[in-house]
Amino acid sequence: MSLRESLMADLKGAMKAGESARVATIRMIMAKIKDVEIAARAKGGEGLDEDEAISALRGMVKSRTESATMYRDAARPELAEKEEAEIAVIRTYLPAEMDEAALVAAVSEAVAATGAQSMKDMGKVMGALKAKFGSNLDMSRANAVVKAQLS
């Protein structure tokens with residue numbers, strides 16, 4: 001089942017169950033995917049592939065995580081909880097993340113394959129990871145591990 005089909009099925013289920021917060025979040029996800037697709041078509045692309053959709057969802061999680069942190073710092077826990085609930089819904093559509101040991105092993109393998117020696121070679125390592133894992137890898141987590149290994 002594609003991401004769009006999954007979203008539509010979950011939207012219908014949430015509407016029938018009367019889960020208004022989940023309905024709003026799924027609609028927001030669908031709108032974001034539509035926006036990314038329109039932007040891709042404007043650049044000459046034909047449509048949206050799964051990797052681009054996953055990347056858009058990761059961006060949504062990142063922005064909501066930052067917002068939740070800012071709300072907590074501003075003593076607005078009710079708004080932070082709303083953002084965290086949206087994050088939980090968005091994460092259900094993301095592929096399972098690698099555990100820490102697998103991530104470290106993948107980075108070590110990429111460092112060895114590219115022959116990286118210093119921080120100057122970080123781009124090569126990140127490129128190798130992106131080529132191998134695509135959207136299944138959270139690049140922000142990988143970035144931190146690569147920096148730690150190359151430092």
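**Exercise 1.** Which residues in H5 meet which residues in H6?

*Solution.* The model is predicted, so its limits come first: local features need pLDDT of at least 70, side-chain atom pairs count only at pLDDT 80 or more, and totals for chains, interfaces and linings use all residues. Residues are numbered from 1 along each chain as its sequence is written, and side-chain values use heavy atoms, with hydrogens and water left out.

Step 1. Contact means heavy atoms within 4.5 Å. Helices are DSSP runs (H or I, at least four residues), as are strands (E, at least two), numbered from the N terminus.

Step 2. On the H5 side stand Ala106, Val107, Glu109, Ala110, Val111 and Thr114; on the H6 side, Lys124, Val125, Ala128, Leu129, Lys132 and Phe133.

Step 3. Sorted by class, this contact of H5 with H6 holds eight nonpolar, one polar and three charged residues. Here Ala, Val, Leu, Ile, Met, Phe, Trp, Tyr, Cys and Pro count as nonpolar, Asp, Glu, Lys and Arg as charged, and the others, Gly among them, as polar.

**Exercise 2.** Describe how H5 is set against H6 and H7.

*Solution.* Step 1. Axes are lines fitted to C-alpha atoms, for helices over the stretch in contact, and angles run from 0 to 180 degrees between N-to-C directions.

Step 2. The axes of H5 (residues 100–114) and H6 (residues 122–133) come within 9 Å and cross at roughly 120°. H5 and H6 are therefore oblique to each other; angles under 35 degrees count as roughly parallel, over 145 as roughly antiparallel, 65 to 115 as roughly perpendicular and the rest as oblique.

Step 3. For H5 and H7 the axes come within 10 Å, crossing at roughly 55°. That makes H5 oblique to H7.

Step 4. The H5–H7 contact is made by Glu100, Leu103, Val104, Val107, Ser108 and Val111 of H5 with Arg141, Ala142, Val145, Val146, Gln149 and Leu150 of H7. Its classes are eight nonpolar, two polar and two charged residues.

**Exercise 3.** State which elements line the largest pocket.

*Solution.* Step 1. A pocket is an open set of points, on a 1 Å grid over the protein atoms alone, where a 1.4 Å probe fits, with protein on both sides within 12 Å along at least five of seven lines; lining residues have an atom within 4 Å of a point.

Step 2. The lining has 18 residues, with Arg58, Gly59, Asp138, Met139 and Ser140 nearest the centre.

Step 3. Helix H3 (50–73) and helix H7 (139–150) are the elements giving two or more residues. H3 supplies the largest share, eight residues.
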